[in-house]
Amino acid sequence: MVGGGQGAYIGNIHRLAARLDGAWHLVAGAFDVDPDKGRAFALSQGIDPARSYGSYEEMIAGEKDRSDRVDAVAICTPNFTHYPIAKALIEAGFDVICEKPLTATLEDAIALEALARESGRFVGVTYTYSGYPMVHEARVRIAAGEIGKIRTVQVEYPLEWMAAPIEQQGNAQAAWRTDPKKNGRGGSIGDIGTHAYHLAGFVTGLKLASLTADLATFVEGRALDDNAHVMMRYEGGARGLLWSSQVALGNSNGVRLRVFGETGSFQWYQEQPNELVYAPLDGRVQTIKRGSDEVSEDARLRSRTPPGHPEGYLEAFANLYAGFAEAIRARRDGRAPGALGQNLPLTYDGLKGVAFVEAVVDSAEAKEPVWLTPVAV
Ligand code: NAI
């Protein structure tokens, strides 16, 4: 692992998720931008002192010639560091699991996607919400035509934690997220709008044709947007509306997806992640439950407990890790991956996310409303 040291957020979620199914062991790391803190944190995690590194460069040098070298490296650092770290790892022959957004700039995302493709290295991107079983259930049922041709997609990711100027009050996580050099050009849209954009495309299979956007910065002194509204036109005529916000008081992690087709709709809300609401044309609304007999094999494979026992965020994240492990093993064995190793967020999805953010910011900065097509759709 690179990043995810003492006090960091997502690194710990990766550690928990990676271990849930026993497919991964954490054996080496450069956990902090401060080398001493990184080494101390590694030791606190029970990592061999010889593999407790001060920097990712040191880790690559220390690992690359070991017979038991690490199989893959998880990058859990702020956005602007993803590209140099991933590039160095791929060039040294390591597979990579990278946090979203894939990079802070479109230029870096294009270069990284090309590097991953040409090198044959595996690069998974942790779009968390695509790990949930009931998200897969919606994907499978929509692909099977259960709601007919899609008319409109409503997706939102409201958060409340940045409603006050906490980046000016010592919150390190908010500080880098509001610094364009470290975060990239899209504030809420880059941080969480990318999740919503990926989720909508993942579940519906729709391809974005063009978008127009309105960005706002409500907290005084903040350099990036903290609220985004995006109207989308998909190929084939479907419409979409995406809202991301870091200032939506009352919302802890209110990711919500609603897909409306000609013969029905599906709704999924991440704070009730074990349920998918299906509303067919005849008006008989049904709640489909994770773990029940009626769910698909794709959803069943990603569930661990019977219905009624709540599963959530960590299990969804673990599904990505289990899938990455299966995809890497299958590549090594020269076979097609099993179902868990399919439908995973990979480098091209990461590139599409960054291209989406760029198009949103360009559209919002245009003097007149403008419909733009992201580079990588
Ligand atoms: P954070 O600020 O809590 O932690 C960043 C960590 O990276 C710190 O330990 C820091 O010391 C370390 N670091 C920075 N530069 C480094 C370097 N060059 N070498 C080694 N370590 C370095 O950040 P947070 O919130 O955990 O976000 C990290 C990444 O995860 C971001 O890209 C963010 O967008 C993404 N993220 C993804 C989520 C998801 O749902 N998939 C949720 C939250 C964050």
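Rings of Phe, Tyr and Trp (for Trp, the six-membered ring) count as a pair if their centres lie within 6.5 Å. Keep that cut-off in mind and select Trp24, Phe122, Tyr321 and Phe324: ring pairs link these residues into a cluster. What you have open is a predicted model.

**Stop 1: more rings**

The structure holds 10 aromatic pairs. Try Tyr129 and Tyr157 next, which form an edge-to-face pair with 5.6 Å from centre to centre and 90 degrees between the planes. Colour by sequence position here, since the pair links distant parts of the chain: Tyr129 is in the loop between S4 and helix H6 (133-143), while Tyr157 belongs to strand S5 (residues 150-158), 28 residues apart. Are these two rings buried or exposed? Tyr129 has 4% relative accessibility, so it counts as buried. Tyr157 also comes out at 4%, and so it counts as buried too.

Now move to Tyr132 and Trp268. Their ring centres are 4.9 Å apart and their planes meet at 55 degrees, so this pair is tilted. Tyr132 lies in the loop between S4 and H6 and Trp268 in strand S10, so the pair ties together parts that are 136 residues apart in sequence. Turn on a surface and you'll find both Tyr132 and Trp268 buried.

**Stop 2: charges over rings**

Which ring does the charged end of Arg69 sit over? Select Phe94: the charged end of Arg69 is 4.1 Å from the centre of that ring. For another example, show Arg256 with Tyr269; Arg256 lies over the face of the tyrosine, at 4.1 Å from the ring centre.

**Stop 3: the hairpins around S11**

Switch to cartoon view and pick out strand S10 (residues 264-269), which pairs with S11 in the antiparallel sense over 4 bridges. S10 and S11 make a hairpin, with 5 residues between them. To check the register, show Ser265, which stands opposite Ala279 in S11.

Stay on S11 (residues 275-280) and show its side chains. Leu276, Tyr278 and Pro280 make up the covered face, whereas Glu275, Val277 and Ala279 make up the uncovered one.

Then carry on to strand S12 (residues 286-289), which runs antiparallel to S11 and is joined to it by 4 bridges. Leu276 makes a handy register mark, standing opposite Ile288 in S12. The S11 and S12 hairpin has 5 residues between its strands, and Gly283 in this hairpin takes a positive phi near 85 degrees.

**Stop 4: the parallel sheet**

Select S1 to S4. These 4 strands form an open sheet in the order S1-S2-S3-S4, with parallel pairing. Strand S1 (2-3) and strand S4 (123-125) stand at the edges with a single partner strand each, so one side of each is left without a neighbour in the sheet. Inside the sheet, strand S2 (residues 72-76) and strand S3 (residues 95-98) run parallel and are joined by 4 bridges. Show Ala74 and you'll see it opposite Ile97 in S3.

**Stop 5: salt bridges**

There are 28 salt bridges in the structure. Begin with Arg51, Glu63, Arg66 and Asp68, which are linked in a network of salt bridges. Zoom in on Asp68 and Arg66: the closest N and O atoms of this salt bridge are 2.8 Å apart. Asp68 has 40% relative accessibility, so it counts as partly exposed. Arg66, at 27%, also counts as partly exposed.

Next, go to Arg139 and Asp298, whose side chains meet in a salt bridge of 3.6 Å, N to O. This pair links distant parts of the chain, with Arg139 in helix H6 and Asp298 in helix H10 (residues 297-301), 159 residues apart. Buried or exposed? Arg139 is buried, with a relative accessible area of 12%. Asp298 counts as buried at 18% relative accessibility; the cut-off for buried is under 20%.

Finish with Arg185 and Glu365, where the side chains meet in a salt bridge of 3.1 Å, N to O. Arg185 lies in the loop between helix H8 (180-183) and helix H9 (188-204), and Glu365 is in helix H12 (residues 347-365), 180 residues apart. How exposed are the partners? Arg185 is partly exposed, with a relative accessible area of 29%, whereas Glu365 is exposed at 57%.

Notes
Residues numbered from 1 in each chain as written. Predicted model: local features only at pLDDT ≥ 70, side-chain atom pairs only at ≥ 80, totals over all residues. Heavy atoms only, no water. Buried < 20%, exposed > 50% of the residue type's maximum accessible area, 1.4 Å probe, protein only. Helix = DSSP H or I, 4+ residues; strand = E, 2+ residues; numbered from the N terminus. Pairing = 2+ DSSP bridges. Phe/Tyr/Trp six-rings, centres within 6.5 Å; stacked < 30°, edge-to-face > 60°. Lys NZ or Arg CZ within 6 Å of the ring centre and 35° of its normal. Salt bridge = Lys/Arg side-chain N within 4 Å of Asp/Glu carboxyl O.
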